[in-house]
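Trainee: I should like to examine the reasoning behind several structural labels. May we take them one at a time?

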Amino acid sequence: MVAPEMKASYVPGHDPEGRSPKLHRKCSNKITCFFALFMILTLLVFDCGVASTFIDTRIDVVGDGQLGTSLECCIIVNNARYLMNSGGFHIGHWGFVVVDIFRKLAAPQPRPDACHVILRDAVASRRRMRKLHDVARRSEYLRASSKMFKSMSGVSLDFSTSPSGFSCSETRLIRTDAAIEPHEWVDFSSYKAPELAARENFGCRDESTEDVLIYNRRGSRNIRNDIEVTEFLSKQYGLHAKVLFPNQLSPEEQICEMTKRRKIIITPHGGQQGSLMFKRAGVAVVVISPEVALLECYRFFSHEQDLWYHIRGNVSWACDGRCSKSLGAWKNDIDCNRACVVKGRDSTIDLSVSALQDVLIRMD
């Protein structure tokens, strides 16, 4: 038991210096909060910043002919965090990068034998970038697609750790962004056809036993009535269709399916469309959006002359360039904000057979 004289006592009223007890407590709380915030920001500063590939520190850009550890070709991928999602390596955003590199290396000049790939991000922490490094290193799809890129272009993509203080040749510095979808066509005329590259690398067969591939997906934006669609195509048009999901296939098989000789690929909006960068020329594509929002990212993955259609709800139209800006596009998206798009990404899809029928009529 504490002796009476040792007990703390408090007598209400002002202290000798004229400070209010309540004000004193408020000041103490503010100081504590400020200190906590300072510590959090300090930790963030130590953990964040520009992290580059497989943890490089800096890159010097030099003119041709300068001596030193200059690399012949560098590809800097900004916003690299988009290459990783909850499911692992993001095929769609990797497609953004590869298609942009295809476009920039199509210029009429000799191509380098290899390009060093540097992943950078001004937002992601070093811990997140290290995780991305691990995911990319283990990605079978990255390896398979890099083999295809090498076979088609003659350029190897090098993901090894860079030497300290290395530099890039100014005339061979390619900047790209994993967050930005392509908005320009690629001139594929100077590249080997993907079906030839796939045959060389993976032994893919050109011929297909079906006319239509429904390249579906699990979870959000899944085409729920895919079996109904295959029956419709068979009964009404005599077209043999099959349904495949990317997670049923190895990366090599995913690429092989894009290179087969068939009439149409039908697919919902999603990252699985990243493999369309290896699609055989002349195969038409029909992309399906949920009715609540028009979603598109992959229009410029194909050859400019290839047929490309979009279906949303019971409306279908041909896409000359961007589908949202093409004649006949769904026009009531003025009020579709980010929340609307998020809702669309979380939706499932019932593919309208009447809209699909309109597409088939246009193709004939």
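Trainee: In this predicted model, why is helix H4 called oblique to helix H5?
Mentor: Helix H4 (residues 140-153) and helix H5 (residues 194-202) pack at an angle of about 120°, their axes being 9 Å apart. Angles of 65 to 115 degrees count as roughly perpendicular and those over 145 as roughly antiparallel. The angle of about 120° fits neither class, so H4 is oblique to H5. The crossing of H4 and H5 is right-handed.

Trainee: Which residues make the contact?
Mentor: H4 contributes Ala144, Lys147, Met148, Ser151 and Met152, while H5 contributes Pro194, Ala197, Ala198, Glu200, Asn201 and Phe202. By class, the residues of this contact are 7 nonpolar, 2 polar and 2 charged.

Trainee: Which residues of helix H9 are buried?
Mentor: In H9 (residues 353-363), the buried residues are Ala355, Leu356, Val359, Leu360 and Met363.

Trainee: How do you know that they lie on the same side of H9?
Mentor: They cover an arc of only 145° around the axis, and therefore they are on the same side of H9. In an α-helix there are 3.6 residues a turn, so residues three or four places apart point the same way. The elements covering the buried residues of H9 include helix H6 (226-237) and strands E12 (264-268), E13 (284-289), E14 (308-312) and E15 (315-318).

Trainee: What makes Phe159 count as buried?
Mentor: Its relative accessibility is 12%, and buried means under 20%; Phe159 therefore counts as buried. Phe159 is found in the loop between strand E7 (156-158) and strand E8 (167-169). Its C-alpha atom is separated by 9.1 Å from that of Leu119, 40 residues apart along the chain.

Methods:
Residues numbered from 1 in each chain as written. Predicted model: local features only at pLDDT ≥ 70, side-chain atom pairs only at ≥ 80, totals over all residues. Heavy atoms only, no water. Axes fitted to C-alpha atoms, helices over the stretch in contact; angles between N-to-C directions. Helix = DSSP H or I, 4+ residues; strand = E, 2+ residues; numbered from the N terminus. Parallel < 35°, antiparallel > 145°, perpendicular 65-115°, else oblique. Left-handed = near helix turned anticlockwise from the far one by under 90°. Contact = heavy atoms within 4.5 Å. Nonpolar A, V, L, I, M, F, W, Y, C, P; charged D, E, K, R; others polar. Buried < 20%, exposed > 50% of the residue type's maximum accessible area, 1.4 Å probe, protein only. Arc of directions from axis to C-beta.
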